[in-house]
Amino acid sequence: MKIKEKSPASKLSYAQKIKSIASNRKHGDVRVVAKNIGYHESTVSEVVRGRYRNDEIVNEFYNMLYTRKKAKA
């Protein structure tokens, strides 16, 4: 009996995460992420804008945005 594992295709790509972050971030999010992982705010901001590539920053930002509780309408 085979156990079905998640395929790598189900994971979001780096570009998809950046696009999602850019459309869903709020004022002050860059500061929070920078404080959490120890990078300077300007570095985090430049990664989110696509100037540099840093998987650690993108993953931390993405996880912060999608663990946030959504407001119910």
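**Exercise 1. Work out how helix 3 and helix 4 sit against each other, and which residues make the contact.**

Step 1. Start with the axes: helix 3 and helix 4 pack at an angle of about 85 degrees, and their axes are 10 Å apart. Axes here are lines fitted to C-alpha atoms, for helices over the stretch in contact, with angles running from 0 to 180 degrees between N-to-C directions.

Step 2. Turn the angle into a word. Helix 3 is therefore roughly perpendicular to helix 4; the cut-offs are under 35 degrees for roughly parallel, over 145 for roughly antiparallel, 65 to 115 for roughly perpendicular, and oblique for the rest.

Step 3. List the partners. Helix 3 brings Thr 43, Val 44, Val 47 and Val 48, and helix 4 brings Ile 57, Val 58 and Phe 61. Contact means heavy atoms within 4.5 Å.

Step 4. Sort them by class: 6 nonpolar residues, 1 polar and no charged ones. In this scheme Ala, Val, Leu, Ile, Met, Phe, Trp, Tyr, Cys and Pro count as nonpolar, Asp, Glu, Lys and Arg as charged, and the others, Gly among them, as polar.

A word on what you're looking at: this is a predicted model, where local features need pLDDT of at least 70 and side-chain atom pairs count only at pLDDT 80 or more, while totals for chains, interfaces and linings use all residues. Residues are numbered from 1 along each chain as its sequence is written, and side-chain values use heavy atoms, with hydrogens and water left out.

**Exercise 2. Place these helices in the whole chain.**

Step 1. Count the elements: you'll find 4 helices and 0 strands. Helices (H or I, at least four residues) and strands (E, at least two) are DSSP runs, numbered from the N terminus.

Step 2. Read the order from the N terminus on: α-α-α-α.

Step 3. Check how much is tucked away. Of the 73 residues, 29% count as buried, where buried means under 20% relative accessible area, exposed over 50%, and partly exposed in between (1.4 Å probe, protein chains only).

Step 4. Look at the reach of the contacts. Among contacts with a separation of 6 or more, 62% come from residues 24 or more positions apart.

**Exercise 3. Find the buried residues of helix 3 and say what covers them.**

Step 1. Scan residues 41-48: the buried ones are Val 44, Glu 46, Val 47 and Val 48.

Step 2. Look around them. The cover includes helix 1 (14-24), helix 2 (29-37) and helix 4 (55-67).

Step 3. Zoom in on Val 44, which is buried with a relative accessible area of 0%. Not counting residues up to four places away in sequence, Val 44 touches Val 30, Val 33, Ala 34, Tyr 39, Ile 57 and Phe 61. Take Val 33: Val 44 is 11 residues from Val 33 in sequence, and their C-alpha atoms are 7.6 Å apart.

Step 4. Compare with Ser 42, also found in helix 3. Ser 42 is partly exposed, at 37% relative accessibility.

Step 5. Step off the end: helix 3 is followed by Gly 50, whose phi is positive, near 95 degrees.

**Exercise 4. Describe how helix 2 meets helix 3.**

Step 1. Their axes come within 9 Å and cross at roughly 115 degrees.

Step 2. Name the residues: Val 30, Arg 31, Val 33 and Ala 34 in helix 2 meet Glu 41, Val 44 and Ser 45 in helix 3. By class, that's 4 nonpolar, 1 polar and 2 charged residues.

**Exercise 5. Now do the same for helix 2 and helix 4, then follow Asp 29.**

Step 1. Helix 2 and helix 4 pack at an angle of about 120 degrees, with axes 10 Å apart. So helix 2 and helix 4 are oblique to each other.

Step 2. On the helix 2 side you have Asp 29, Val 30, Val 32, Val 33, Asn 36 and Ile 37; on the helix 4 side, Glu 56, Ile 57, Glu 60, Phe 61, Met 64 and Leu 65. This contact has 8 nonpolar, 1 polar and 3 charged residues.

Step 3. Is Asp 29 buried or exposed? Asp 29 is buried, with a relative accessible area of 5%.

Step 4. Leaving aside neighbours within four places in sequence, Asp 29 is in contact with Phe 61, Met 64, Leu 65 and Arg 68.
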